[in-house]
Amino acid sequence: FVHSGSIKTSTFFLLIYCKFVSCKFLFGLMSTTVAELGALFPTVEPGILADIAHAVDNQLVSREKAMNTLAEMETGQDVARSAAAVAAQECTVYVTSLGCVRKHFDDSNRLKQLFDILKVRYSEVDLSENRWLRRKLSKSSGTDLLPLVFVGETFVGTYEQVQELHDDGKLLQRLSEAGYG
């Protein structure tokens, strides 16, 4: 007897059904449909599922290889989501390693020292070789100065702005408001 309101019971039967479908698919007892693959791998895009279903049905790839590939894709997407969540909670400092604009180079080093002293977690991105990213960041920050500090997509400030926040005792509060944590 199965109680109709039982979430645990319905989840259990859903898992049993997915394992059943997975076994039937793996051993070739059923044709490959996007809906069935979608039930097994809900985070994989439907377009990719359709391509894989087509490849299996036309015997371009084995069912086992398809299942392994989809499992790897789903795991990779989980890792990417976790990394994005961590990055949203960490500062990104955009710097230059080139000493040709001495002020940018010195300010980059001062900012990193300040963050090290305050034990602020940050990742460093060197823009000296990436003009495209530098232009994009200049647009979103409204300045051509380096270094730039972001938390996720939120612009916190240049070195001078960050130093001013620190001098006023508001830096950690501003980082927290931007999502650092």
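**Figure 1. Exposed and buried sides of helix 7 in the predicted model.** E164 and D167 are exposed on one side of helix 7. Helix 7 spans residues 159-167, and its buried residues are Y159, V162, Q163 and L165. These four cover an arc of only 160° around the axis, which puts them on the same side of the helix. The buried residues of helix 7 pack against two helices and two strands: helix 5 (102-118), helix 8 (171-177), strand 3 (148-151) and strand 4 (154-158). After helix 7 comes G169, with a positive phi near 75°.

**Figure 2. Salt bridges of D107 in helix 5.** D107 forms a salt bridge with K103, with the closest N and O atoms 2.8 Å apart. K103 and D107 are four residues apart in helix 5 and therefore separated by about one helical turn. D107 also forms a salt bridge with R110, where the closest N and O atoms are again 2.8 Å apart. D107 and R110 are three residues apart in helix 5, about one turn of the helix. D107 counts as buried at 3% relative accessibility, whereas K103 counts as partly exposed at 43% and R110 as partly exposed at 40%.

**Figure 3. The salt bridge between E124 and K112.** The side chains of E124 and K112 meet at 3.1 Å, N to O. This pair links distant parts of the chain: E124 lies in strand 2 (residues 122-126) and K112 in helix 5, 12 residues apart. E124 is partly exposed, with a relative accessibility of 43%. K112 has a relative accessible area of 17%; the cut-off for buried is under 20%, so K112 is buried. Elsewhere, salt bridges that share partners join K103, D107, R110 and E160 into one network. The structure holds five salt bridges.

**Figure 4. The aromatic cluster of Y94, F150 and F155.** The count of aromatic pairs in the model comes to three. The ring centres of Y94 and F150 are 5.7 Å apart and the ring planes lie at 85°, so this pair is edge-to-face. Y94 belongs to strand 1 (residues 91-95) and F150 to strand 3; the pair links distant parts of the chain, 56 residues apart. Both residues are buried: Y94 at 13% relative accessibility, F150 with a relative accessible area of 4%. F150 also pairs with F155, in a tilted arrangement with 5.3 Å centre to centre and 55° between the planes. Y94, F150 and F155 form one cluster.

**Figure 5. Surroundings of T143.** T143 sits in the loop between helix 6 (131-141) and strand 3. T143 has a relative accessible area of 17% and is buried. A polar atom of the T143 side chain lies 3.1 Å from the backbone nitrogen of L145. With neighbours within four places in sequence left aside, T143 is in contact with S138, L148, F155 and T158. F155 is also a member of the aromatic cluster with Y94 and F150.

**Figure 6. The whole chain, for orientation.** The secondary structure comes to eight helices and four strands, in the order α-α-α-α-β-α-β-α-β-β-α-α along the sequence. Of the 181 residues, 33% count as buried. The accessible surface is about 11500 Å², and 57% of that area belongs to carbon and sulfur atoms. Among contacts between residues at least 6 apart in sequence, 61% join residues at least 24 apart.

Terms used. Residues are numbered from 1 along each chain as its sequence is written. This is a predicted model: local features need pLDDT of at least 70, side-chain atom pairs count only at pLDDT 80 or more; totals for chains, interfaces and linings use all residues. Side-chain values use heavy atoms; hydrogens and water are left out. Buried means under 20% relative accessible area, exposed over 50%, partly exposed in between (1.4 Å probe, protein chains only). The arc is that of the directions from the helix axis to the C-beta atoms. Contact means heavy atoms within 4.5 Å. A polar contact is a pair of N or O atoms within 3.5 Å; within protein, one must be able to donate a hydrogen and the other to accept it, and residues adjacent in sequence count only if both atoms are side-chain atoms. Rings of Phe, Tyr and Trp (its six-membered ring) pair if their centres lie within 6.5 Å; planes under 30 degrees apart count as stacked, over 60 as edge-to-face and the rest as tilted. Accessible areas come from the Shrake-Rupley method with a 1.4 Å probe; for residues, only the protein chains shown count as cover. A salt bridge is a side-chain nitrogen of Lys or Arg within 4 Å of a carboxyl oxygen of Asp or Glu.
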